[in-house]
Amino acid sequence: MGDFNLALVIVAVVVSVVVLLVSVYLLVNYQHPDDANQAYFPKLVVVLGLTVAVLSILMLPADVANRQACRKAVYNGACSLTLPMKTLWLVVYIVDAVLVFLVIPFAMFYYEGDQDKSVGKRLRTALIWVVASAVVCGLVLGILYGLVGKVDFTVRHLSSSIETFPNSFSGFSSGQPCISSLPRQCAASTAPSSSLTTWTMRATFPEYVVALTTIVGSVLFTIFGGVGIACLPLGLIFSFVRRPKAVITRSQYIKEATELGKKARELKKAAEALHQEERSGNKGRKWRKNVKAVEKELLLLEDDMKALEEMYPQGEQAEATWAFTVLGYIGKLIFGVVGLIISIAWVAHIIIYLLIDPPLSSFLNEVFIKLDGVWGLLGTAAFAFFCFYLLIAVIAGEMMLGLKLVFITIHPMKWGGTLMNSFLFNVGLILLCSISVIQFCATAFAYYAQATAAQEIFGHTLQSLRGIKYLYKYNVFQYGFVALAILTLFYYAIFGWRKRKPTGRFQLSN
């Protein structure tokens, strides 16, 4: 037993190092060339944020393995080498909250500050914003914790009188399982409703911070994740449907390139006008709206340029380039179909296990348990994959809504072309939603992850917090998640197969 527990600790350390290296790899390959050899502090925040987010997802499978390491222990000392999961959960999520609400905003304010100002002024401006945010958050947390930071557990109060221990057990039966002469006096299942009572205790402050952060993340997760769980696979499938069927002629290429050139000049002129307004200090609501509109049009222009290059490959390897383009769209179709199966499995699991009471089936819980029976880590790997899929769906949903809704800022992630502000925004979104993903998975896979430290935090304390428990009691987030997934499905069924039409001449709103 001790050897197995020590091996679990060693695996946890090795995995943490690997995750850190992968985070550095993603940063190096996704960063924009303009950020090379500079912006070191935002890069450090990005690496730390990605590492914490990935480790938080992997901690739930580790929590399950940690529980299994102790399932045959007959005394507490046999589990002395296991991971202190509850402490690790609280540490990771306190770090998560600090990154999301303090460090990442500071890095974004500093990175997006006026480049004409000195470093000291940019640091001072960013620090003022972050301190003000910290004071407000601290006051809100302190007031809420003082007023409603309590946990209300519903318990059944049972009591009995003292009875003499019997000399014979022959009189016991299913109808009389107790020592008392009164029938079923000791059976909790038949206790009257009046025996139910509320046991109130104050939650610890770290648990309360995790709970409120989870609520904020759950709102974003419900919106972006619900949309993303449908648009992620359907976007790939309809990308194949709208793919270029053949190479266009040179005259068509020149015509389309000329139109894109005109659009690029219009956007450049609009961007210069906005820069002049910024320098003059005129940065009101209309200015911010126009900036987001320009960013959206610029992103669509880049997509149009990429599509045009795909339809008219050039150079000596034009035929090979076209062949790889065709294979790329086939790959999108394959991944889209696989993703659609996973999305359907997720939505079906939520409905039959969480929304229907009592559950029709434990569904994916049983699948993971059977996979563990085939090979020890197979179920754990599948479980981790389903959790990661939800995080990817959140990013996909944010991208889709950002293109459709002007009031949502677009922060695209592109290989070799991602600026640090987009990196920081998406890392913050991943961190914030990772808490909710873990809570969501701990609830959805409660049978598979039973008796874990995550269940104690997310399954008992969180769902019993005063004022918050009703959101989980009535499955508000689960219903919202499924509803948005179904609405997104209908949207793609009606509009997904259509090609995007040119938007025409771009003008700033007056």
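**Exercise 1. Handedness of the H5/H14 crossing**

Work out which hand the crossing of H5 and H14 has, and how the two helices are oriented.

*Solution.* Helices here are DSSP runs of H or I with at least four residues, numbered from the N terminus. This is a predicted model: local features need pLDDT of at least 70, side-chain atom pairs count only at pLDDT 80 or more, and totals for chains, interfaces and linings use all residues. Residues are numbered from 1 along each chain as its sequence is written, and side-chain values use heavy atoms, with hydrogens and water left out.

Step 1. H5 and H14 (residues 476-495) pack at about 25 degrees, with axes 9 Å apart. Axes are lines fitted to C-alpha atoms, for helices over the stretch in contact; angles run from 0 to 180 degrees between N-to-C directions.

Step 2. H5 is therefore roughly parallel to H14. Angles under 35 degrees count as roughly parallel, over 145 as roughly antiparallel, 65 to 115 as roughly perpendicular, and the rest as oblique.

Step 3. The H5/H14 crossing is right-handed. Right-handed means that the near helix is turned clockwise from the far one by less than a right angle; anticlockwise gives left-handed.

Step 4. The contact of H5 with H14 has 16 nonpolar, seven polar and no charged residues. Ala, Val, Leu, Ile, Met, Phe, Trp, Tyr, Cys and Pro count as nonpolar, Asp, Glu, Lys and Arg as charged, and the others, Gly among them, as polar.

**Exercise 2. H3 against H5**

Describe the packing of H3 (residues 85-111) on H5 (residues 205-241).

*Solution.* Step 1. The angle is about 55 degrees and the axes are 10 Å apart. H3 and H5 are therefore oblique to each other.

Step 2. Their crossing is left-handed.

Step 3. Lys86, Leu90, Tyr93, Ile94, Ala97 and Phe101 of H3 meet Pro206, Glu207, Val209, Val210 and Thr213 of H5. Contact means heavy atoms within 4.5 Å.

Step 4. By class, the H3/H5 contact has eight nonpolar, one polar and two charged residues.

**Exercise 3. The two sides of H9**

Find which residues of H9 (residues 364-374) are buried and which exposed residues sit on the face turned away from them.

*Solution.* Step 1. Buried means under 20% relative accessible area, exposed over 50%, partly exposed in between (1.4 Å probe, protein chains only). In H9, the buried residues are Leu364, Asn365, Phe368 and Asp372.

Step 2. Down the H9 axis, these residues fall within an arc of 110 degrees, so they line one face of the helix. The arc is that of the directions from the helix axis to the C-beta atoms.

Step 3. The face turned away from the buried side of H9 carries exposed Lys370, Gly373 and Val374.
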